[in-house]
Amino acid sequence: DRQTLVAVLQFLRRSNLRESEEILRREARLLGDDLGAAALSPAGAGLLGAPGGDADSGGEALLSRVTAAAAIAIGGSVATVASSSPGVAAVAAVPPGKGEPRAGAAVGSHCMFASSFGMSYKLLLYPNAFAVGGGVVVEDQPDVSAVLSAYNQQGDPTLYEEYYSGLKHFIECSLDCHRAELSQLFYPLFVHMYLELVYNQHESEAKSFFERFHGDQECYYQDDLRVLSSLTKKEHMKGNETMLDFRTSKFVLRISRDSYQLLKRHLQEKQNNQIWNIVQEHLYIDIFDGMPRSKQQIDAMVGSLAGEAKREANKAKVFFGLLKEPEFDVPLDDEDEEGENEEGKPKKKKPKKDSVGSKSKKQDPNAPPQNRIPLPELKDSDKLDKVMNMKEAARRVRLGPECLPSICFYTFLNAYQGLTAVDITDDSSMIVGGFADSTVRVWSVTPKKLRSVKTAADLSLIDKESDDVLERIMDEKTASELKILYGHSGPVYGTSFSPDRNYLLSCSEDGTVRLWSLQTFTCLVGYKGHNYPVWDTQFSPYGYYFVSGGHDRVARLWATDHYQPLRIFAGHLADVTCTRFHPNSNYIATGSADRTVRLWDVLNGNCVRIFTGHKGPIHSLAFSPNGRFLATGATDGRVLLWDIGHGLMVGELKGHTDTVYALRFSRDGEILASGSMDNTVRLWDAVKAFEDLETDDFTTATGHINLPENSQDLLLGTYMTKSTPVVHLHFTRRNLLLAAGAYSSQ
């Protein structure tokens, strides 16, 4: 305000502080020449409300008013404050009884605090700060360092819109290179300012703030904003978990140092403490040195409930290599078409140099130590199965852009009980469906029917030494193509066969995971640990261990012979919607409705990777057979590819128009198949997607990923069903692609 400015200029002249006076006058001149002239001409006295008096006396009168007021505000010390614009402030601190003060002035557009004998005072003069009985009432602005425990410290509610639009204007007018980075602030600030207004019961201001700015937020936050708009009273915030998480976990923004300095300077000039407090308290700004990221690079990585992952989160070492396969001889039986009779042991012949066998002899340098986590011993039947697997692998079709797999689609017809989960055994002999009517149904998809073991009385009559004992214990009377398992009391959302095909897992809305025997088709164990619906479960590739994830936002690791979980993986901010074991069984990936994917270490329960970039809840995960890469699919219809070792996004496959519910790599990892609610199966060239990766140190350090504009050149084929959403995909051991889903009549 002009009067204050004039008074301070006079004060500086009398104190012989010419330099400070010059600087202040120059600043004032930027705002208008007349102000500078008025300040130093006798006519300026008129401005001070002292008609006919000389400039000095008018200045003194105002000066004494300001100093008296400021003295009370500061408590015993006297300060003179000038504030001609939000960017100009001159502050002088005078300790009581020390005579002439030394004054500080605004230099450039930085606020400087004068400090005599080491004291510094900052007095903020806002347009609505006014003097009452000799004291300055400054708008309630908490100090930056004060901890904003739960939105209880507040500014003037009527100014929130002004603050936000001021920042918005600043960001929109900044240089293009900074604008994209700083625009990331809009959403977290909008949410926190709105919640702060609601928490402090300024309901009408909160409503008006929401209506004015919610349209500016990115489209992928629409679901969150819908939740937010329903929170209009302080009481609503208490039970809302999403908002509770938003308040307690810091929203992470990754910003270059230049952009951050620009923002900091702006907020300090504007003295916009309300926004600065929120930045300090509720945001974690991960600053990197180097070029700011482009809009495209930022858009690829943002969108999760808590912003991006901190770069630190993806630095831990991950052993993504495969474990060494146990060595045993593969019989050379080319003409042995009766390989299917698993019971009769194949005759031991000279081991054939088999590509699969020889490849697994070498120890992968990125593999975890063989005994890092205890894995179950191989049984004879497992070894037999491995032999079968290798024989099949010898006949495997080499896939590629020129040689696409055939696709066999299993359509569940008349599934009015609502198909909610599907799994297929590794040898593709059985398929299981979980249904909304709480049943689990197992079908045999080979001519071999499903049979149960005989009763105990009948078993006691069998000669245990006979060669075909495994055949004799089966009860032919029970043979059928379909077995129905009853036990759950809610929709079954996840199913998983054990690698040895002896067991089946199912998880349900009833909060339990059940283990079923495929010998007797009865339930062996009900694992109770989740208190809410369990959305997914999966067996380890080595059996024995399994993982489950649910609405309680944690994933749990179990062993079949323990009724309590061995590990609890907590960290997601919303439901854990899907779970997958890494091929070496040392890690587990979980996808969540908080739009992030996390990788957990089975050994110690630590989270070793956080991947952000999806714009909707994640519903499918698939590791590449070599263990190096992870593919993830979500409700946004995008499939994202991740390099696990470097913790980087390395690809984005666009094409699906609805949720991606199924992902699977071919047996040798050449092709990635994705299945979606848009009734299509798409095949992608995985070899091409993962070649020529930019995983140098710079990219890893800053996250400057450059995704190709167009993923269409990776798309090898799109296959439509008539009206069947794809819920599961599986490559057989010979690389035939099996897909499954329930026909929907609408």
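**Exercise 1. Work out which residues of α7 meet which residues of α13 in this predicted model, and how the two helices are oriented.**

Start with the residues that touch. On the α7 side, pick out Leu189, His192, Met193 and Glu196; on the α13 side, their partners are Gln274, Ile275, Ile278, Val279 and His282. Next, sort that contact by class: five residues are nonpolar, three are polar and one is charged.

Now for the geometry. Fit the axes of α7 (residues 186–199) and α13, and you'll find that they come within 10 Å and cross at roughly 105°. Angles of 65 to 115 degrees count as roughly perpendicular, so that's the label for α7 against α13.

**Exercise 2. Take helix α12 and find out where its buried residues point and what covers them.**

First, check the helix itself. α12 runs over residues 257–269, which makes 13 residues, and its first and last C-alpha are 18 Å apart, close to the 18 Å expected at 1.5 Å a residue.

Then list what's buried, using the cut-off of under 20% relative accessible area: Ser259, Tyr260, Leu263, His266 and Leu267 make the list for α12. Look down the axis of α12 and these buried residues fall within an arc of 130°, so they line one face of the helix.

What sits over them? The cover includes two helices listed before α12, namely α5 (160–173) and α6 (176–182), along with β6 (251–256), α13 (273–282) and β7 (283–288). Finally, step past the end: α12 is followed by Gln271, which has a positive phi near 50°.

**Exercise 3. Test whether the span of α16 fits its residue count, then pick out its buried residues.**

Count first: α16 (residues 380–394) has 15 residues, which at 1.5 Å a residue should span 21 Å. The end C-alpha atoms of α16 are 21 Å apart, so the two agree.

For burial, α16 gives you Asp382, Leu384, Asp385, Val387, Met388, Met390, Lys391, Glu392 and Ala393. Note the charged residues in that list, among them Asp382, Lys391 and Glu392.

**Exercise 4. Locate Ser428 and Phe521, and decide for each: buried or exposed?**

Take Ser428 to begin with. Its phi is positive, about 60°, although Ser428 isn't a glycine. You'll find Ser428 in the loop between β9 (419–424) and β10 (430–435). With a relative accessible area of 12%, Ser428 is buried.

Move on to Phe521. Here phi is near 55°, again a positive value in a residue other than glycine. Phe521 lies in the loop that joins β17 (512–517) and β18 (523–528). Its relative accessible area is 11%, so Phe521 counts as buried.

Key:
Residues are numbered from 1 along each chain as its sequence is written. This is a predicted model: local features need pLDDT of at least 70, side-chain atom pairs count only at pLDDT 80 or more; totals for chains, interfaces and linings use all residues. Side-chain values use heavy atoms; hydrogens and water are left out. Helices (H or I, at least four residues) and strands (E, at least two) are DSSP runs, numbered from the N terminus. The expected span of a helix is 1.5 Å times one less than its number of residues. Buried means under 20% relative accessible area, exposed over 50%, partly exposed in between (1.4 Å probe, protein chains only). The arc is that of the directions from the helix axis to the C-beta atoms. Contact means heavy atoms within 4.5 Å. Axes are lines fitted to C-alpha atoms, for helices over the stretch in contact, and angles run from 0 to 180 degrees between N-to-C directions. Angles under 35 degrees count as roughly parallel, over 145 as roughly antiparallel, 65 to 115 as roughly perpendicular and the rest as oblique.
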